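Please look through the sequence and the model below before reading my points, which go from the whole chain to one pair of helices and then to a single residue.

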Amino acid sequence: MNWAAVDISIIGPALLAGFLVVATHVPLGRSVLNRGIIFIDLAIAQIAGLGVIAASVFGWQTDGWEIQIAAVSAAMIGAVLLHWTEKRFPAIQEALIGVVFVLAATLGLLLLTNNPHGGEQLKDLLVGQILWVSYDQLLPIAGLYALVLAIWYWVDVPNVNRLLFYLLFAITVTASVQLVGVYLVFASLIIPALATRGYADKSRLWIAYIVGAAGYLAGLITSALWDLPSGAMIVWCLAILGVVAGMLTRVISGKTAD
């Protein structure tokens, strides 16, 4: 255990990135869980990642505006496609989402076949590089997330406009994947929503936010103390805290019944 490794100059931007991701992914995750399309985030995230991979294959700089356009464009095309399949084939939507995810993932592997840095690039896409996030990088992301949340609640997107739901989802996930990676995007969306499904509506949202924020905090500190991969550690901390939150629901409901 090395407490000197808990450096606020490194953990601070990463923690803020996690809080920003949680801010948008908790309400989106609740809608995903309610709709029963659990793996849409993986599919959209993988499609956005495919856009990044394709852009890099064409020689575009990984931090340039071209790659952002490629990622967002790919994700929005995927969102429109999945919105169409939901309208046309609602009974098998979850299966189709799985197929889209597998196709996007394998196409990414094919594109990286002759890339000497393909393995590292794929790892960054999946696990993310949250410790390399800077405050300057987070400013436009914070503005984007604030706009998404404003539209989300003002329009009541989950209940009013399904196409807008898919498009906002695509934009948000695209930004998040490049911050924290595919695995953390999925965990941030699903685990807090799943852990709090038994709570009353009034408290469910805030408890989900607490689970998400605490998961990022615990994961970053633990990974620094024991020199472990941050993204993987955060996923596990989210899962553990999610189990605790779920168990508390049963305890509370049991006491109420007594």
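1. Of the 258 residues in the protein, 46% are buried, and I would keep in mind throughout that this is a predicted model. The accessible surface comes to about 13100 Å², and 70% of that surface belongs to carbon and sulfur atoms.

2. As for secondary structure, the protein has 11 helices and zero strands, so that the pattern read along the sequence is α-α-α-α-α-α-α-α-α-α-α. When contacts between residues at least 6 apart in sequence are considered, 78% of them join residues at least 24 apart.

3. One pair of helices deserves a careful look, namely helix H2 (residues 40-57) and helix H9 (residues 182-195), whose axes come within 9 Å and cross at roughly 150 degrees. Because angles over 145 degrees count as roughly antiparallel, H2 and H9 are described as roughly antiparallel to each other. Their crossing is right-handed.

4. Which residues of H2 and H9 meet? On the H2 side they are Asp41, Leu42 and Ala45, and on the H9 side they are Val182, Val185, Phe186, Leu189 and Ile190. Sorted by class, this contact of H2 with H9 has seven nonpolar residues, one charged residue and no polar residues.

5. Finally, is Thr24, a residue of helix H1 (residues 8-35), buried or exposed? Thr24 counts as buried, because its relative accessibility is 0% and the cut-off for buried is under 20%. If neighbours within four places in sequence are left aside, Thr24 is in contact with Tyr145, Leu149 and Thr172.

Methods: Residues are numbered from 1 along each chain as its sequence is written. This is a predicted model: local features need pLDDT of at least 70, side-chain atom pairs count only at pLDDT 80 or more; totals for chains, interfaces and linings use all residues. Side-chain values use heavy atoms; hydrogens and water are left out. Axes are lines fitted to C-alpha atoms, for helices over the stretch in contact, and angles run from 0 to 180 degrees between N-to-C directions. Helices (H or I, at least four residues) and strands (E, at least two) are DSSP runs, numbered from the N terminus. Angles under 35 degrees count as roughly parallel, over 145 as roughly antiparallel, 65 to 115 as roughly perpendicular and the rest as oblique. A crossing is left-handed if the near helix is turned anticlockwise from the far one by less than a right angle, and right-handed if clockwise. Contact means heavy atoms within 4.5 Å. Ala, Val, Leu, Ile, Met, Phe, Trp, Tyr, Cys and Pro count as nonpolar, Asp, Glu, Lys and Arg as charged, and the others, Gly among them, as polar. Buried means under 20% relative accessible area, exposed over 50%, partly exposed in between (1.4 Å probe, protein chains only). Accessible areas come from the Shrake-Rupley method with a 1.4 Å probe; for residues, only the protein chains shown count as cover.
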